[in-house]
Amino acid sequence: MAQVVALVDDLFFQAKLVETARQVGVELRTCTTPDALASEIARSIPKLVVVDLNARANSIEAIERVQASGHEIPLIGFLSHVQTELAEHARAAGCPNVMPRSKFTQNLATILAEVKSENP
């Protein structure tokens, strides 16, 4: 079971996520489309879903599909700090925790460690 599933299509950022998760000891799977994300969630319910709001795939649709899964899965979205309108769209779709990419990157190990420390 993946503890964290991330919708990220940037290969360099995917590698950063996977490597940080490995160092922290958290299983993380990456997806590049809302369909793939929905399939991962259907396979097993993760403890966290991370969405790159700047992904080429429809990130708002991905958030809506997580919400429609019927599971209460925490969501974190990240984007360029100047994209306030996109941040509001993400929040309206059901992603209350939206942060600038720089803050997400800076806190990535801590975010993943918190997932690991949660009770199963």
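**A five-stranded parallel sheet and its helices**

Strand β1 is covered on both of its faces: Val-4 and Ala-6 on one side, and Val-5 and Leu-7 on the other, are all buried. The model described here is a predicted one. Strand β1 is a convenient place to enter it, and its partners in the sheet come next.

On one side, β1 runs parallel to β2, and four bridges join the two strands. Within this pair, Ala-6 has Thr-30 in β2 as its bridge partner. β1 also pairs with β3, again in the parallel sense and over four bridges. Here Val-5 is matched with Val-49 in β3.

Strand β3 is mostly covered, with five of its five residues buried. Both of its faces are closed off: Leu-48, Val-50 and Asp-52 are buried on one side, and Val-49 and Val-51 on the other. From β3 the sheet continues to β4, which runs parallel to β3 and is joined to it by four bridges. In that pair, the bridge partner of Val-50 is Ile-76 in β4. Four bridges also link β4 to β5, another parallel pair, and there Phe-78 stands opposite Met-99 of β5.

Put together, these pairings give an open sheet of five strands in the order β2-β1-β3-β4-β5, with parallel pairing. Strands β2 (28-31) and β5 (97-100) each have a single partner strand, so each of these edge strands has one side without a neighbour in the sheet. On average, neighbouring strands are turned by 20° against each other, direction ignored. Pairing of this kind has a general basis: strands of a sheet pair through backbone hydrogen bonds, either parallel or antiparallel.

Gly-77 shows how residues of the sheet are enclosed. This residue lies in strand β4. Gly-77 counts as buried because its relative accessible area is 0%, where the cut-off for buried is under 20%. Leaving aside neighbours within four places in sequence, Gly-77 is in contact with Val-51, Leu-53, Cys-95, Asn-97, Val-98 and Met-99. The C-alpha atoms of Gly-77 and Asp-52 are separated by 5.8 Å, although the two residues are 25 apart along the chain.

The loop between β3 and α3 contains Ala-55. With 10% relative accessibility, Ala-55 is also classed as buried. Its C-alpha atom is 8.8 Å from that of Thr-33, a residue 22 places away in sequence.

The helices can now be added. Helix α2 lies across β1, β2 and β3, and runs at about 150° to β2. Glu-40 is part of α2. Despite its charged side chain, Glu-40 is buried, with a relative accessible area of 11%. Not counting residues up to four places away in sequence, Glu-40 touches Val-5, Arg-29 and Cys-31.

Nonpolar side chains in soluble globular proteins tend to be buried together. In this model, the largest nonpolar core has 20 residues, and Leu-37, Val-49 and Ile-63 touch the most other members. At least two residues of this core come from each of β1 (4-7), α2 (34-43), β3 (48-52), α3 (59-68), β4 (75-79) and α4 (84-93). Helix α3 gives the most, with four residues. Apart from this core lies another, of 19 residues, which includes Val-4, Leu-17, Leu-48 and Phe-78. As for Ile-63, its contacts beyond four places in sequence are Val-51, Leu-53, Leu-75, Ala-90, Ala-93, Gly-94 and Cys-95.

The remaining pair of helices to describe is α1 and α5. Two packed helices are described by the angle between their axes and the distance between the axes. Helix α1 (residues 11-24) packs with helix α5 (residues 101-117) at an angle of about 35°, and their axes are 9 Å apart. The crossing of α1 and α5 is right-handed. On the α1 side, the contact involves Phe-13, Lys-16, Leu-17, Thr-20, Ala-21 and Val-24. These meet Arg-101, Phe-104, Thr-105, Leu-108, Ala-109, Leu-112, Ala-113 and Lys-116 of α5. Sorted by class, the contact of α1 with α5 has nine nonpolar, two polar and three charged residues.

How values were computed:
Residues are numbered from 1 along each chain as its sequence is written. This is a predicted model: local features need pLDDT of at least 70, side-chain atom pairs count only at pLDDT 80 or more; totals for chains, interfaces and linings use all residues. Side-chain values use heavy atoms; hydrogens and water are left out. A nonpolar core is a set of buried Ala, Val, Leu, Ile, Met, Phe, Trp, Tyr and Cys residues joined through side-chain atoms within 4.5 Å. Buried means under 20% relative accessible area, exposed over 50%, partly exposed in between (1.4 Å probe, protein chains only). Contact means heavy atoms within 4.5 Å. Two strands pair if DSSP finds at least two bridges between them. Axes are lines fitted to C-alpha atoms, for helices over the stretch in contact, and angles run from 0 to 180 degrees between N-to-C directions. A crossing is left-handed if the near helix is turned anticlockwise from the far one by less than a right angle, and right-handed if clockwise.
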